[in-house]
Structures are given as structure tokens and as C-alpha cells.
Amino acid sequence: MSNPLPRHQRPSRLNRFLFGTAYYPEQWTPADRENDTQRMAQAGMNVVRMAEFAWDVIEPRRGEFDFSLFDATIARMADVGIETILCTPTAAPPRWLTAQNPQWMRVDAEGRRMRHGSRQHVCTNNPGFRAESQRITRAMAEHFQDSPHVIGWQTDNEFFCHFSECYCDACTSSFRQWLRGKYSDVNTLNRAWGTAFWAQTYDDFEQIELPLRNRPTHPNPSQELDYYRFLSDAIGEFQRGQVEILRETQPNWWVTHNGLFEHIDYWKLRGDLDFLGVDIYPGFVEQPRDFSWASLKLQQCRAASGSFIVPEQQGGAGGQLLYLHQTPAPGQMRLWAYQAIAHGADGILHFRWRTARFGAEMYWNGILDHDNVARRRYAEFSQEGRELERIGTKILGTVVDVRAAILTQTDQDEAHATMTLGLPGPQEQTKLIFRQMLVSHWPAGLVDAADSFAGLKLLVVPSFVVMDEELAARLQSWVENGGILVASARTATRNRDNHVSAQTPPGLLGELFGVTVEEFGTLPTPLLNLKTGDETIQVGAGYEILRPRGAQTLATWSPASDGSPHAATGEVALTLNRFGQGAAIYVGSYFSEQNTAPLLALLREHAPIESLGEADELIEITCRHCLERRLTFALNHTGQPQQVRALPAGLELISSQMCGGVLELAPYGVAIIETRL
Ligand code: GAL
């Protein structure tokens with residue numbers, strides 16, 4: 001049996017580094033489009049993505065198809081060496097379809113039915129719409145089947161980007177159907193949902209409703225968790241209907257989708273795709289302070305996908321009804337593109353080629369301005385294109401080297417959301433831990449709980465409340481073989497039905513951590529602090545009192561600073577258990593703004609992680625590698641020149657200069673050092 005690579009270590013299998021933009025020929029006159037292909041080719045583009053909102057152009061009336069605009073555009077692009085990614089256009093069903101089928105429109109949590117006039121307005125669980133989605137997919141697939149210039153497809157566009165839930169009748173019946181498939185008989189469901197609480201027992205699947213908000217108080221957390229799982233499975237099924245048609249029509253096409261949004265388990269969604277895509281707009285957060293926001297999204301994609309593409313990379317300041325992003329400074333747009341590559345992207349398509357003159361996004365800046373004049377964004381874009389033309393082949397085939405990982409699993413975020421208690425969940429903690437790993441220049445990333453943990457040195461499990469025997473056994477055997485595992489408060493306290501376990505926490509992981517949790521609670525202000533030797537670490541939201549059962553104590557709870565009595569004072573707060581060749585560290589609290597840096601410094605004493613270089617905190621350093629080579633990326637997120645030290649000596653690919661281990665980066669500058677192994 002071959003030993004397959006962990007999914008997060010898999011290359012994308014693209015045979016060309018993709019560089020281009022989203023393109024909307026349907027929004028422009030022939031005169032506007034006149035010089036597009038020449039200017040695209042001059043900028044180094046080799047791909048465009050088209051048609052995700054063009055159903056009304058391709059099929060102006062039901063059954064009447066007109067592919068001429070796309071045929072002509074694909075051919076014109078091909079003349080200058082630009083290939084095409086097509087999209088199924090199901091994110092914007094045309095008016096004739098919604099006029100004929102008003103009952104297919106989505107319904108929001110307040111019971112309001114959506115109207116035609118924006119996008120994502122039709123329910124993807126409606127059987128009639130599913131049939132239409134497959135009909136248009138088949139029509140497009142068959143038409144473009146033999147076009148050598150169509151290289152791959154994107155399904156739909158950003159599933160769930162506006163809202164995830166729909167409360168129409170079709171959703172109710174498909175939820176019931178999904179539950180029948182999962183539980184077979186209603187009594188099994190009653191037990192799994194704990195319906196004995198508040199008289200919720202069901203006699204029949206037909207009595208079950210969606211967890212709508214209009215109830216006197218909170219819904220059943222087990223029902224809610226199943227609903228979120230249903231949402232994810234259902235959109236996966238909708239997508240599968242399209243993917244199967246694309247694959248059977250032309251097996252050479254690859255298929256992707258652009259995420260990432262709530263209530264989708266991308267690990268599963270990726271199962272039907274060749275690789276994932278993620279759309280990245282770093283201007284949504286304060287830059288450079290929050291530079292790691294984009295890195296985290298990219299890592300979420302990488303964890304589910306392996307190497308991936310960015311179908312939409314910020315192409316200027318984006319503006320919608322009520323806001324306009326801060327305008328990227330000179331060099332910053334290119335920096336963000338390299339940031340995506342540094343975290344595993346094998347293709348960058350900026351959004352969009354030219355800024356629209358009409359529509360809800362008429363101030364969402366593309367590479368060209370409204371007047372079709374190429375200005376500084378085009379110059380910067382062309383620089384990126386020419387560089388990637390030269391170095392793209394060096395990047396393809398390499399994957400991100402991750403040694404320090406944070407475990408991720410959609411089910412954990414969903415379980416937390418059903419009952420947050422106002423305490424930090426996996427996502428909030430991941431954000432802090434990952435940022436701290438990045439500013440410490442560790443080779444850091446996210447790994448999905450379903451993936452293999454091979455090759456990792458340190459694995460952090462941020463309050464994974466839900467645990468099952470399979471995951472517990474895999475974590476245990478990874479530690480036995482030398483891994484250093486860290487978990488924070490409330491880990492392994494519930495089962496997959498979202499019931500609190502009858503076992504003393506951390507339940508299925510008790511032996512591995514060599515500890516039991518005696519008590520948990522929220523902290524009073526002033527805070528109770530963890531004391532490790534002479535050092536006091538400020539904690540965040542909650543405490544657990546630990547009882548070592550073989551583990552050694554690393555820290556205890558110090559008295560509350562106002563001297564008031566507290567159950568945790570003097571009790572154990574942090575433990576380390578040697579297990580096989582590895583160790584399991586239990587943090588009886590949550591990672592917080594105050595404690596993440598000191599806690600990671602302490603962890604490092606037990607899990608020796610080598611930094612990738614030395615630099616200011618706003619310099620990002622990552623590494624991509626393959627069997628023969630390592631590429632060390634250094635990204636300056638600041639507007640000042642910066643020095644990076646302790647880098648490997650090698651060839652800097654963008655400048656083609658040798659680098660001896662110290663590098664000066666220009667404001668928003670980027671370097672990629674290649675070393676041979
Ligand atoms: C994405 C979407 C695009 C466009 C862009 C700018 O979420 O896929 O179609 O809307 O944002 O808002």
C-alpha cells in the first residue's frame with residue numbers, strides 16, 4: 001500500500017502557475033473590450049475566469065442558448081495565449097426562471113422570501129432548481145466540451161457568501177430526509193437530540209422543523225448542530241450534481257470552488273473537487289496590523305485542499321453600498337498576492353479586470369479604472385505577472401512546510417456556536433495562536449482533524465469540545481510517536497451528538513493528558529493568574545482546576561489580585577504528560593490576547609520549533625518545499641524598509657541575486673530565497 005501524503009501537503013497538480021483576472025465580457029461594449037486581450041497578455045496573464053453571473057446571457061429564454069459572446073471571447077483570449085476557467089452560473093439565476101418559480105426563492109430566518117434583483121436568491125435545496133442547475137451545467141459543459149482553451153471550472157460562486165440558511169419548505173423536507181438517512185428511526189434521533197429536555201420528543205420525522213429563530217428561547221443544541229451539518233452536506237450535494245456532469249463530459253477539466261464561508265465543511269466539499277479556491281480581500285481588515293487575517297484564511301483553505309488557487313485576489317480598493325476599503329499603497333496589492341503564494345496558492349486571479357460602470361459593485365476597483373485607462377494598479381499587476389511568468393514554475397510542485405500546526409474542524413466551530421457560554425471558541429483562539437506563531441516566524445499552519453498528522457512537531461487543539469474515539473486514538477498514537485500535543489480548556493467534554501460527556505474531563509483524552517478536570521468556571525475580575533515558576537501569566541476568560549494523574553505541573557493558579565477567596569487559588573492550571581516518545585500539555589484556560597505569547601514561549605521549551613528567520617513582527621516568513629528545494633518567502637507588511645536575518649543562503653528568485661542570509665526588504669517588499677536540498 002502506498003502511503004499517501006497528508007492532504008495539506010499535496011500539490012495542486014496544475015501544470016502552469018495561473019495568473020489573471022475575473023473577466024465579465026457581458027458587462028462591456030465591443031469598444032470597451034477592444035484592447036483587452038493585448039493589455040492582458042502584456043501584463044503576463046495566462047488565464048481569465050468567466051461566466052459566473054452570465055446565465056441570462058447564455059440562456060436568455062428557457063431552452064434558447066447563445067454561447068456566441070463566450071465563444072468569441074475564449075477564442076480572442078486563446079489568440080494571445082490566455083486560457084479560460086468557466087463557472088457554472090448558478091449564483092445568479094435569471095429572471096425568467098424566478099418569475100416562473102417564485103416559490104423557489106430563498107427564505108431567511110425571519111421567514112421573509114427573497115426577491116429577484118441581486119444574487120444567490122434561489123434555494124439550492126429546491127429539487128426544481130437543482131434540476132435547472134444541472135441542466136445549465138450540462139448545456140455549458142457539452143458546448144465547451146471540445147474547446148482546448150477551457151482548462152477548468154469553478155462551481156457556482158462563493159456558496160453561502162451572503163447567508164447560509166434557508167427556511168423554505170424544500171429545506172424543511174430535505175432536512176427531514178437528511179435526518180432519516182442519518183438516524184433511520186425517530187427514537188434514535190430523540191436520544192441523539194436529548195429530546196427529553198423541554199418535551200421535544202418526536203413521533204415522526206415529519207414533525208421536525210428547522211431551528212428557526214422565532215421561538216421563545218434557545219433551540220436544542222443537538223438539533224442545531226445537525227442543522228449546520230445538514231447545510232454543509234446539502235450544498236455539497238448541490239455542487240456534486242454539477243461536478244458529476246462536468247467530469248463525465250470532459251475528464252480533462254479540473255474543478256474548483258471559491259470559498260470560504262460559514263457552515264461549510266470545506267474538507268468534505270473539497271472531496272468532489274481537484275483543489276479548492278479562496279477569495280482574499282486583505283483590505284477588509286486594518287493593515288498591516290491584522291496582516292495575519294488573510295494568512296489564516298489562506299491556511300484554512302490549504303488545510304482542506306492542499307495547494308490551491310485564489311480565484312479572486314484584491315485588485316484595488318473595494319467599495320460597496322456603505323464602505324470603501326483603504327486604498328492599497330504602492331506595492332501592497334502585489335505583496336498580498338505573494339502572501340497568498342507564500343501560504344500555498346498555485347494561481348492568482350485578481351478581482352477584477354476593469355471596474356464596472358454600473359451595478360452593486362460599480363466602485364469595486366479592478367485593475368483598470370472606469371475610463372479604461374491603465375494606471376498604477378495595472379503597472380503593479382504587470383510587474384506581478386512578469387515575475388510570475390519567470391518564477392511560477394519554481395513555485396509549482398512545492399507545498400507549504402508546516403511544523404507547528406493548529407488543528408481545525410468545522411464540527412468544532414459549529415458545536416461551539418450552539419453553546420458559546422460567552423467563552424472563546426476554537427476560531428477565536430486559533431486566530432490568536434496562529435498570529436503569535438507567525439510573528440515568531442515559526443513554520444506554522446492549520447491542519448484538518450481528518451488529515452494525517454505526519455511530519456508535524458507541535459499540534460494545538462484549541463478547545464475542541466467534541467471528541468470521538470477515532471480522533472482521540474489518532475491524537476494518542478501521534479503523541480506516542482513523538483508529537484507534542486497541546487489542548488486548551490473544555491477539550492473533549494462532549495460527544496458527536498453535542499451532549500456533555502458523563503466521563504470526567506478530558507474524557508477520551510484523560511489518559512493521554514494524564515490529568516482530570518476537577519472544576520471549571522469563568523474568572524472574576526480582577527483576574528486570577530497562572531503562575532509558572534517566577535512568572536505570572538495573565539489569563540483570559542475561564543479557569544479549570546486540574547488534578548494531575550501522572551502529568552507534571554507546569555503552572556498553578558495564583559491568588560486573585562484583590563485577595564478574595566477563589567476555588568482555583570493554589571490549584572494546578574497547566575500540566576505536561578510524557579506519553580510514549582512525545583508529550584501532551586493541557587492548558588486549563590483559554591488562549592487569550594494576554595496569555596498567547598507567554599504560553600507559546602513556554603510551549604517552545606517543550607517543542608523545539610526552529611524559526612524561519614529573524615525579523616520584525618510585521619515581516620511574514622514562510623517556507624514552501626519539495627523533495628529537492630526549499631523556497632523561503634519573506635514579506636514586508638510595513639511601509640518602511642526592513643531587515644530580515646538568519647535566513648538560509650541561496651538565490652533570491654525575484655531579483656536573481658544571491659542572498660547570504662541577511663536581506664533588506666523595501667516597503668511592502670517581497671523576497672523568495674531558493675535553497676537546494
Ligand atoms: C466576492 C464575490 C465577487 C464580488 C467580490 C467583491 O465575494 O465572489 O463576485 O462580489 O466579492 O465584492
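**Exercise 1.** In this predicted model, work out whether tryptophan 198 is buried or exposed.

*Solution.* Start with the number: tryptophan 198 has a relative accessible area of 54%. Next, recall the cut-off: exposed means over 50%. So tryptophan 198 counts as exposed. Now place the residue on the chain: tryptophan 198 sits in the loop between helix H8 (186-193) and helix H9 (221-249). Finally, check the backbone: phi of tryptophan 198 is positive, about 60 degrees, even though the residue is not a glycine. That's worth a second look, because most residues other than glycine have a negative phi.

**Exercise 2.** Move on to alanine 199 and find out what its phi is, where it lies, and whether it is buried or exposed.

*Solution.* Backbone first: alanine 199, a residue other than glycine, has a positive phi near 50 degrees. Then the location: the loop between H8 and H9 holds alanine 199. Last, the surface: with a relative accessible area of 74%, alanine 199 is exposed.

**Exercise 3.** Check omega for two peptide bonds, glycine 259 to leucine 260 and proline 505 to proline 506, and say where leucine 260 and proline 506 lie.

*Solution.* Take the glycine 259 to leucine 260 bond: omega is near 10 degrees, which makes it cis by the model's geometry. Leucine 260 belongs to the loop between strand E6 (258-259) and helix H10 (266-269). Now the proline pair: omega between proline 505 and proline 506 is about 0 degrees, and the bond is cis. Proline 506 is in the loop between strand E16 (484-488) and helix H17 (510-513). For context, most peptide bonds are trans.

Conventions:
Residues numbered from 1 in each chain as written. Predicted model: local features only at pLDDT ≥ 70, side-chain atom pairs only at ≥ 80, totals over all residues. Heavy atoms only, no water. Helix = DSSP H or I, 4+ residues; strand = E, 2+ residues; numbered from the N terminus. Buried < 20%, exposed > 50% of the residue type's maximum accessible area, 1.4 Å probe, protein only.
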